[in-house]
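Subject: A structure for you to explore

Hi there,

Here is the structure I promised to pass on to you. Please open it beside this email, so that you can find each residue as you read.

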Amino acid sequence: MAAAEAAGFALDYEAAELYTHAFRVGALGRCWRQQLEAPDLSLAAAEAEAETEAAIAAELGCAAETAADLRAVCSIDMLMSSDEEKDPDVIPEDSSLLTLRIRKKVLERREETIIVDRACRQETLAYEMESHAIGKRPDNPADLVEEGELLLTVNIFYPVIFQKHKDHKPYQTVLVLGSQKLTELRDSICCVSDFQIGGEFSSHPDQAPEHISKDLYKSAFFYFEGTFYNDKRYPECRDLSRTIMEWSESHDRGYGNLQSVKMEDYTFNELSLKIGFPYLFCHQGNCEHIIIITDIRLIHHDDCLDRNLYPLLIKKHWLCTRKCFVCKMYTARWVTNNDSLAPEDPCFFCDVCFRMLHYSAEGNKLGEFLAYPYVDPGIFN
């Protein structure tokens with residue numbers, strides 16, 4: 001009965017549409033665990049390597065020692081040049097390879113113009129984030145991820161107010177475990193709107209409050225397959241989905257029976273999802289992010305096996321910081337409107353330039369302007 005139930009929720013490996021049909025995440029994991037053998041689910045790296053060598057020997061019909069020798073001969077380490085005198089970072093002048101000649105010209109042009117290779121910097125950042133936790137195991141065995149655990153790849157897109165990136169730029173990609181609660185993903189999402197400081201402080205710039213929006217407005221919800229998962233962990237949390245549900249129920253909008261539950265009561269294994277389908281994360285009242293789950297698989301012994309590191313951030317979009325209009329060096333901390341001393345509206349300033357331009361030595365306001373604390377999206381770089 002359990003096998004038949006799990007098979008009913010099994011995914012098609014090739015979907016004709018942009019996304020799959022809805023399925024229960026936990027049922028999919030049970031189906032995989034029933035179909036696979038214990039060695040396939042094992043997280044012991046040495047054991048998995050031994051099993052691989054045994055499988056190769058059986059496939060080739062040779063002894064295990066012969067398979068081990070073949071593996072050593074075909075290793076990527078054998079691709080290195082045996083000539084130790086040559087420096088691989090130095091491109092020879094008389095190279096006959098067109099790719100090396102082109103690369104040599106690019107490197108020489110880069111040294112002459114001293115340009116900043118932003119694409120290379122972003123690729124390096126992505127590689128470091130993805131590789132720093134590969135194969136990492138916890139010091140405490142109790143924190144080891146269980147065998148057969150599901151691993152979900154979640155893409156969080158920019159909020160819709162970012163017109164440039166809202167359609168196709170996931171600014172965060174995280175890995176979450178199927179047994180983790182939705183609140184753990186909610187707490188791991190970084191958004192610039194959580195760090196905003198409300199109010200106008202041109203008359204008293206030193207009295208800007210220390211509390212940020214995340215401390216004051218803790219309400220949020222995920223929307224998956226007709227259900228709003230509201231964060232109700234704190235007394236001040238409100239049901240942000242109530243307005244949407246009342247709007248849907250006031251007329252027959254065609255959305256069916258929408259439900260509202262507590263986010264902290266559910267894990268990802270208990271959800272019904274579609275891979276590739278856009279879902280919603282809303283916080284700060286109206287800051288809306290598209291959430292797309294692009295992959296669900298069983299955890300492997302080469303993955304990060306420390307449960308405490310999940311949700312694991314593996315990719316982050318790199319943004320240019322907005323510099324101060326005056327010094328062009330430091331990141332902007334203030335933004336002004338209707339500023340009689342600024343050539344632009346709005347105009348951005350670092351803290352030092354803002355105070356030197358808009359206040360006297362005694363701290364008195366000069367001219368007319370409105371000043372607001374500014375949080376640059378580039379702080380997440």
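Below is what turned up, going from strands and sheets to charged pairs and then to the surface.

One thing to keep in mind from the start: this is a predicted model.

**A strand on the inside**

Let's begin with strand β2, which covers residues 150–157. Is this strand enclosed or open to the outside? Eight of its eight residues are buried, so β2 is largely enclosed by the rest of the structure. You can check this by looking at the two directions in which its side chains point. L150, L152, V154 and I156 point one way, while L151, T153, N155 and F157 point the other way, and all of them are buried.

As general background, strands of a sheet pair through backbone hydrogen bonds, and they can do this in a parallel or an antiparallel way. Strand β2 pairs with strand β9 (residues 287–298) in the antiparallel sense, over seven bridges. To see one spot along this pairing, find V154, which stands opposite I293 in β9. Strand β2 is also joined to strand β3 (residues 170–177), again by seven bridges and with the strands running antiparallel. Here L151 is a good place to look, as it stands opposite L177 in β3.

**A three-stranded sheet**

Now move along the chain to an open sheet of three strands, in the order β12-β11-β13, with antiparallel pairing. Which strands lie at its edges? They are β12 and β13, each of which pairs on one side only. From one strand to the next, the twist averages 30°.

Strand β11 (residues 334–337) pairs with β13 over four bridges, and three bridges join β11 to β12. V335 is a handy residue for seeing both pairings: V335 stands opposite Y372 in β13, and its bridge partner in β12 is F348. Helix α11 (residues 351–358) packs on this sheet and touches β11, β12 and β13. The direction of α11 makes about 40° with that of β11.

The edge strand β13 (residues 370–373) has two unlike faces: A371 and P373 are on the covered one, and L370 and Y372 are on the uncovered one.

While you are in this region, have a look at C350, in the loop between β12 and α11. With a relative accessibility of 3%, C350 counts as buried. Its C-alpha atom is separated by 6.3 Å from that of W334, although the two residues are 16 apart along the chain. Leaving aside neighbours within four places in sequence, the residues in contact with C350 include C324, C327, Y330 and W334.

**Charged pairs**

How many salt bridges does the structure hold? There are nine. In general, side chains of opposite charge can pair when their charged atoms come close. Three examples are worth finding.

- E108 and K104 meet in a salt bridge at 3.8 Å, N to O. Both residues lie in helix α6 (residues 98–113), four residues apart, which is about one turn of the helix. E108 is partly exposed, because its relative accessibility is 38%.
- D231 and R186 meet at 3.1 Å, N to O. This pair links distant parts of the chain, 45 residues apart: D231 is in the loop between β5 (227–230) and α10 (242–250), and R186 is in helix α8 (residues 182–188). Both D231 and R186 are buried. They also belong to a network of salt bridges that links R186, D187, D231 and R233.
- D303 and R297 meet at 2.9 Å, N to O. Is D303 buried or exposed? D303 is buried, with a relative accessible area of 13%, whereas R297 counts as partly exposed at 29% relative accessibility.

**A nonpolar patch on the surface**

Last stop: V326, L341, L357 and L366 form a nonpolar patch on the surface. Together they have about 290 Å² of accessible area. One of these residues, L341, lies in the loop between β11 and β12 (347–349). L341 counts as partly exposed, because its relative accessibility is 36%.

Enjoy looking around, and write back with any questions!

Best wishes

Conventions. Residues numbered from 1 in each chain as written. Predicted model: local features only at pLDDT ≥ 70, side-chain atom pairs only at ≥ 80, totals over all residues. Heavy atoms only, no water. Buried < 20%, exposed > 50% of the residue type's maximum accessible area, 1.4 Å probe, protein only. Pairing = 2+ DSSP bridges. Salt bridge = Lys/Arg side-chain N within 4 Å of Asp/Glu carboxyl O. Patch = residues over 30% accessible without salt bridge, like charges linked within 9 Å, V, L, I, M, F, W, Y side chains within 5 Å. Areas by Shrake-Rupley, 256 points an atom, 1.4 Å probe, with all protein chains shown as cover. Axes fitted to C-alpha atoms, helices over the stretch in contact; angles between N-to-C directions. Contact = heavy atoms within 4.5 Å.
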